[in-house]
Structure formats: C-alpha cells, structure tokens
Amino acid sequence: MRQKKTKKKSIWKELLSWIIYLAVLFGAIYLIVQYVGERTIVSGDSMYPSLSDGDSLIVDKISYRFVNPDRYDVVVFPFRYQEGTFYIKRVIGLPGETVQILDGKVYINGKALDDPYGYETIRNPGLASGAITLKQDEYFVLGDNRNNSADSREPSVGMISREDIIGRAIFRIWPAGSIGFLAS
C-alpha cells in the first residue's frame, strides 16, 4: 500500500516538474519573439537585388531600443492600411534631413546621395518630387528595386515614424545558398 502512494506522489511530482519546465520554455520563447527577434518572409520584389521574394529573414527587435536606425539599415514596419502586412525597406532619409528626388537621384540636404543599393535611375519621385523635411521621429525609406516598390514616395506608405519600426532585418536564413548577414 505504501509503495502505491509513493509511486503516485512520484508520478505527480514528475508531471508537475514537466508542467513547470514547459511553462518556463514557452515563456522564454514568447519573450524572445516579442522583444528580441523573429522570423519574417519577404513577399515581392521591392528589395531586389538585395532580397528576393520568399527569402526568410531574422529581424532584430532589440537593438533599436538602444540606438536609432542608420542610413541603409533594412527595417521592418507595418503597413498602416492592412492588418498583418509588414513592409521591408531600406532607410534613406534620417530625422531632420531634407529628402528630394531630382532627375532620378536621391538628394539629402541638397547633396546627391552616393547610394550603393539603388541599382537603377528612379522614374517616379512621387512625394519626393518636392523637398521633404523629415520630423525628429521620421524616416524616409525606399525599396532597393526603386521602380517597383511601394515606399515613402507613395502617400499610402509615406514617412515612417520611429515608433512604427519593428526592427532591423539582419540575417537571411533561406534560401540555403544565400544564408548570411545582410549588408547595411
């Protein structure tokens, strides 16, 4: 009789330890995904040739809690008109700067930007056909595929508020032949 009670206690102890272990594990996973990093998949060709449709990326969600985005960082932010849709674009204009697109080139504070990521002349300057002075918490973003990208030139995207930036895309995990850190 005593052995049965001891065995029952042992089973309950083991079960309780597993429940605690799984609760801690799921809690840690939740905290990592919520505050540190998460996986996202590129949809479309707006970041070609740097990123392609279907690329799987790791987004660093923690570093921007301590530092601000830099020019050429690849950032992820929500599309304001469609729940669950996120954009991946490159930061071009920083807070307080004046951005304009003239004759297919980006100008920052009146000087042509030496842009290693835009591989073609911009055909449609959109909102940036006139000078845009960014507020202290705003960023101007462009897709690398400048003529096939919905970005800050379009009213539906516009300037990106600092608080809307979820994180920085830092590492490509798929396709296997392209695994590695992203250039910025």
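Biologist: Which side chains along strand β5 (residues 98-102) are buried, and which are not?

Modeller: Val99 and Ile101 point to one face and are buried; Thr98, Gln100 and Leu102 point to the other and are not. Buried means under 20% relative accessible area, exposed over 50%, partly exposed in between (1.4 Å probe, protein chains only). β5 counts as a strand as a DSSP run of E, at least two residues, numbered from the N terminus. This is a predicted model: local features need pLDDT of at least 70, side-chain atom pairs pLDDT 80 or more, while totals for chains, interfaces and linings use all residues. Residues are numbered from 1 along each chain, and side-chain values use heavy atoms, without hydrogens and water.

Biologist: Why is Arg90 called buried?

Modeller: Its relative accessible area is 1%, so Arg90 is buried. Arg90 lies in strand β4 (residues 86-93).

Biologist: What makes the Arg90 and Asp144 side chains a polar contact?

Modeller: They make one at 2.8 Å. The term needs a pair of N or O atoms within 3.5 Å; within protein, one must be able to donate a hydrogen and the other to accept it, and residues adjacent in sequence count only if both atoms are side-chain atoms.

Biologist: How do you know that β5 and β6 pair?

Modeller: Pairing takes at least two bridges found by DSSP. β5 and strand β6 (residues 105-108) have four, in the antiparallel sense. Leu102 has Lys105 as its bridge partner in β6.

Biologist: Why is Asp103 called exposed?

Modeller: Asp103 has 76% relative accessibility, so it counts as exposed. Asp103 also has a positive phi of about 50 degrees although it is not a glycine.
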